[in-house]
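Please read the following explanation alongside the sequence and the coordinates. It proceeds from each chain as a whole to its sheets, helices and single residues.

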Amino acid sequence: MYLQRPPSRPEPAPDPVPLAIRAATLGVIAAALLGILLFRLWALQVLHSDQYVAAAAQNSIRTFQMPAPRGQILDRNGNVLVSNQASIAVQVDAARLPQGTNCGPTIATHRVHDQAGCGVLKRLAWVLDVPYKRMWHQFSRLAKANPGYPVTLLFPVDRRQTAYVLERRWLFRGVQFEHVYQRTYPSLKEFGPTNPNLLGFVGQITAENLKDPSFHEKLPMLGTAGQAGIEKAYDRYLRGQDGQIQETVDPAGAPVGQAFLTQAPVAGDNLRLTIDAHLQKEAQYAVGQGILIAHANGEPADFGAVVAMNPDNGAIYAMASSPTYSPMVHVPPYHGSKAVFKSKLTPAYDKAFQGTYPAGSTFKPMTATAAYEAGILKPGEILDCPGQYISKHDIARQKTIFHDWTPLSMGPMGLPQALTVSCDTFFYQLGDQFYGKTGNGQEFQGWLRKLGYGSAPPLDAGGAQAGVVPDSKWKASQTWLGTPAQQAIEQLWLPGDDINMSIGQGNLLVSPLQQAVAYSALENGGKVVSPHVGEALLEPGSTTQTIPGGRISPRPVRNLHLPAELVSEIRQGLYGATHAGDGTSTAIFGGFHPTVYGKTGTAEVPTTTCPNCADAWWAGWASQGGKSLVVVAFIHNGGHGGVSAAPVAASVFQSFFAPRQHYTFTAGQDQSR
Amino acid sequence: MTHYVRHLDYLMLATALSISAFGLWIMQSATKNYAGNLYGHQLMYVAAGTVGMLAVAAVPPVLMRRVRWPLYAFVLLSTAAVLAVGTSIGGGRRWINLGAFQFQPSEFAKLLLIVGLAAVLASRRGVSSPARLTLLAICYVGLPALLVFKEPDFGTMLVFLAIMLGMLFVYGIPWQHFVWMLLAVCVIGALIFSVLPGMGITVVQEYQVTRLTSFLHPNPNDVQSGGFQLRQSVIAVSHGGLGGTNNDASVPGQQLGATQTSLGFLPEAPTDFVFAVVGEERGFVGAAWLICLYALLLWRGLKVITKSRSTFGSLVAAGVVSMLLFQIFINIGMTIGLAPVTGIPLPFMSFGGSHTITNLLAIGVLQAIHVHAQAADEPVFAV
């Protein structure tokens, strides 16, 4: 313990009275200072609290989406078909617009004063140089589509306009700008449009999207999502995850303080397609050429399609629909969209997987397959091929005569020859036997359905149509023209229905994609493949590296295990059709390398305006060096399949097997149906 | 030992601990937006400071008085060391990194200067003329003040000066000296802010000037100046109203709670602007209660001035009271827009180890003086 020593120098004791006074003075100063604080607090917290509470409320956090770059879409060779480009979009936050949006698409000048919200829209329309009416329509439509969230207007904005608005914030309350990614199509110049119906497009997430189960997962309330095609089907992979920036803003919307990145955006996966952009380009060109050939033959051809698919796994290499359009119609400023959506030829309705048409003679191998499987047609069986046929089950007094495409009898023949010369009456007999066997229009249909007809092919891009395989139930359910008596007859399933269907006519409707699936089954021995365009999901930003488990190879729908004899006979028949002297597309494929197996089709589609019109079809395959390709070509109102459709297919085969050689388009010769 | 226990100023002790507890309570909500366990750290600091306070209370003031020059040397060395090896946090080098924790010498320097200056003045009492004493005090405090100013820590420099003025006042130097000092401050101020910059010598950084003056004409959109912080804190304080918003969002009718604090609008909520959190969450009632606690503490400090039987004790108490008063006034004043935005923490409330411990030790020094002033009535064998 330390003992207190006396100080080294004598220290006089402090004078107690003045010290006490000085201490008290210090106390008074302290009291005064603390008093000032208390008074100020009283003033702030009790007297003027309201005005500051308002300020506290107005001090709001604004959350910005920081969009994630959407995954790129590449073709099978790594060509970037769809990419992103950063741009600015103008947003209107209805909740922050000044009071008074009670105005319609037209606005009188005097109303701007009492409807301040409309005033903002009107000024914005003026700045963006769009008619106010359009601005209003778009704003109200989008505001309804996703209520409570800022509306991203689809008008293009440039830096100058942005600056103008931001410098006059008080005039544009509720208007904000957002960085967005827009889809770009880098290969557009090199390869032309790569079927925009298949690629689809991206748009603002709407209330409908949020309810749509096809998105597989919960969409964010804000942002963009694929709205069709591949963009929609693979949206959950492509979209990535938007980031968020939080910023404090004052009541005028001016940022106060720093902005914070509260969530970093996560880029979407890239997607590699099975599509070969080069082949797609050639296929697109070929359909156009097919239409021109038909025109040269005096046919009123208007649209067409071609599908090129790997028959072993359903990977689609090319799927063209003509006329096509630029995918830029889906990207602001939507140049040319009006023309596309008003066109009578409906380019946005895909002819390859959405349009369904009578199949014509390309359907004959399917009839043969069904008859074989049902035991109606025996292996190697010879049937007569007369010039006309009357159903054995026709109970009407006046029998219906079913004509062959030529009035001349071609004599007895087996299935291969019947396919080669496309004898109609041969298949009429099969159809008639189907009717005789069950009479209810079910057994024939059952086999056709197994081949993929009558139901939508499971195309991964979505939107594929089912077409129609008519049966007694279907017929009874339809409303037919005519008197009640006529209608009652029309609703009956008659021998003619089976007979017409046997050559791909009647009420049968198929899409070129379904044809490609069915022909693939003939080629591969019975595997009904799942057609798909997605090949692999790639790491974000990578054009080669597949994400784990990212390979897309959908399993076949079913395997029919077609008998080898049948496959062989059909093969012979299709070889004959492309090579024999009396083959229907020998003119095009006779000297073609590699060997092509295929069938023409000429489906009669008489209308009042065009009584002799027919749809031109060609379907078949070729293989070389372990690579196989099924091609289905279709020219609407294209006349004979061997004339206008076969060259389209030939061009696609050439582009696939010998990409460097240029195909010279010539019209084929074909008088069959 | 018995008279140590008997003569502690328990009211002062309770007040200091109450304020510290209040600070911890507020810390829980003020640190919502901060990573890491700031509350736990602060709890540790308060515990350490309390132990230190009780220990220091047992030290005889005479002993403190003897070590004035080593203390002074330590002050100069440590503040100079900051300039040499200091760690930069938030724009100023104020910390020395000692591995596990960081140590802010300028905080400890406050207390050490009080003790040192009191010892110097007390030992020269009746020896030197008042004018020389004033000059001595100015030099004594001026050197470390210049060093912390260089860090730059303008706030702590002001605290040093406030301590010096308070001690000189209680010491009883003639009032004319204060007039001279005021004149000198005016001249120096003119030099720093006008003449020297005019000659192209920058003494004070631009941001320091704007921070200091922004409370006079706040520009709420300027993040760099203190205007933004000031506006946010004034809004937060007012938002509290009479009874506070509470921080419990589950209370019916108060779904939003203390939005300014909890949503992160309030900058530096656990440190310099902790009073704004008190104001928002506890309202006028809570804020006034806190100020009353401070008043009580200051009153106990002032009592020590008069109770002390030595000039040294009185001066130390005067220094501690001046230090606390100045920091309280400037910090709360800053929060409610009455004083410039300077980095002066609120005693016992703001987050921070160095100043929490320093303030508790300062209370310990007051206690020591209190204990030993009482003890002087009893036998000389202290402790």
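The paragraphs below treat chain A and then chain B.

The model is predicted, and the features described here should be read in that light. Chain A comprises 24 helices and 21 strands. Of its 673 residues, 48% are buried. Among the contacts in chain A with a separation of 6 or more, 71% are between residues 24 or more positions apart.

A sheet in chain A offers a suitable starting point. Five strands of chain A form this open sheet, in the order β12-β11-β21-β20-β19, with antiparallel pairing. The strands β12 (316-322) and β19 (596-604) of chain A stand at the edges, and because each has a single partner strand, one side of each is left without a neighbour in the sheet. On average, neighbouring strands of this sheet are turned by 5° against each other, direction ignored. As general background, strands of a sheet pair through backbone hydrogen bonds, in either a parallel or an antiparallel sense.

The two ends of the sheet may now be taken in turn. At one end, β11(A) and β12(A) run antiparallel and are joined by six bridges. Within this pairing, A:A308 stands opposite A:A318 in β12(A). The hairpin of β11(A) and β12(A) has six residues between the strands, and A:G314 takes a positive phi near 80° there. Is β12(A) mostly covered or mostly uncovered? The strand is mostly covered, since seven of its seven residues are buried. At the other end, β19(A) pairs with β20(A), residues 614-624, in the antiparallel sense over nine bridges. Here A:E604 stands opposite A:A614 in β20(A).

Which helices lie across these strands? Helix α12 of chain A, residues 277-296, lies across β11 (304-309), β12, β20 and β21 (627-635) of chain A. The direction of α12(A) is at about 40° to β12(A). Helix α21 of chain A, residues 512-524, lies across β11, β20 and β21 of chain A, and runs at about 145° to β21(A).

Chain A also provides an example of helix packing. Two packed helices are described by the angle between their axes and the distance between the axes. Helix α14 (residues 364-373) and helix α16 (residues 424-437) of chain A pack at an angle of about 40°, and their axes are 10 Å apart. The helices α14(A) and α16(A) are therefore oblique to each other. The crossing in which α14(A) passes α16(A) is left-handed. On the side of α14(A), the contact is made by A:K364, A:T367 and A:A371, and on the side of α16(A) by A:F427, A:L430 and A:G431. The residues of this contact divide into three nonpolar, two polar and one charged.

A single residue completes the account of chain A. A:R141 belongs to helix α5 of chain A, residues 132-145. Is A:R141 buried or exposed? A:R141 counts as exposed because it has 11 C-beta neighbours inside 10 Å, and the cut-off for exposure is 12 or fewer. The C-alpha atom of A:R141 is separated by 9.4 Å from that of A:V151, and the two residues are 10 residues apart along the chain.

Attention now turns to chain B, which has 15 helices and three strands. Buried residues account for 52% of its 383 residues. Of the contacts in chain B with a separation of 6 or more, 70% join residues 24 or more positions apart.

Two helices of chain B illustrate its packing. The axes of helix α13 (residues 274-307) and helix α14 (residues 311-335) of chain B come within 10 Å and cross at roughly 165°. That angle makes α13(B) roughly antiparallel to α14(B). The crossing of α13(B) past α14(B) is left-handed. Residues of α13(B) in this contact include B:F275, B:Y294, B:L298 and B:I305, while those of α14(B) include B:A317, B:V321, B:L324 and B:I328. The residues of the contact divide into 16 nonpolar, four polar and no charged.

The final residue is B:M53, placed in helix α3 of chain B, residues 38-57. Because B:M53 has 23 C-beta neighbours inside 10 Å, it counts as buried. Leaving aside neighbours within four places in sequence, B:M53 is in contact with B:L360, B:L361, B:I363, B:G364 and B:Q367. B:M53 and B:L13 are 9.3 Å apart in space, C-alpha to C-alpha, and 40 residues apart in sequence.

Key
Residues numbered from 1 in each chain as written. Chains lettered and ligands numbered in written order. Predicted model: local features only at pLDDT ≥ 70, side-chain atom pairs only at ≥ 80, totals over all residues. Pairing = 2+ DSSP bridges. Helix = DSSP H or I, 4+ residues; strand = E, 2+ residues; numbered from the N terminus. Axes fitted to C-alpha atoms, helices over the stretch in contact; angles between N-to-C directions. Contact = placed C-beta atoms within 7 Å. Parallel < 35°, antiparallel > 145°, perpendicular 65-115°, else oblique. Left-handed = near helix turned anticlockwise from the far one by under 90°. Nonpolar A, V, L, I, M, F, W, Y, C, P; charged D, E, K, R; others polar. Buried ≥ 20, exposed ≤ 12 C-beta atoms within 10 Å, placed from the backbone.
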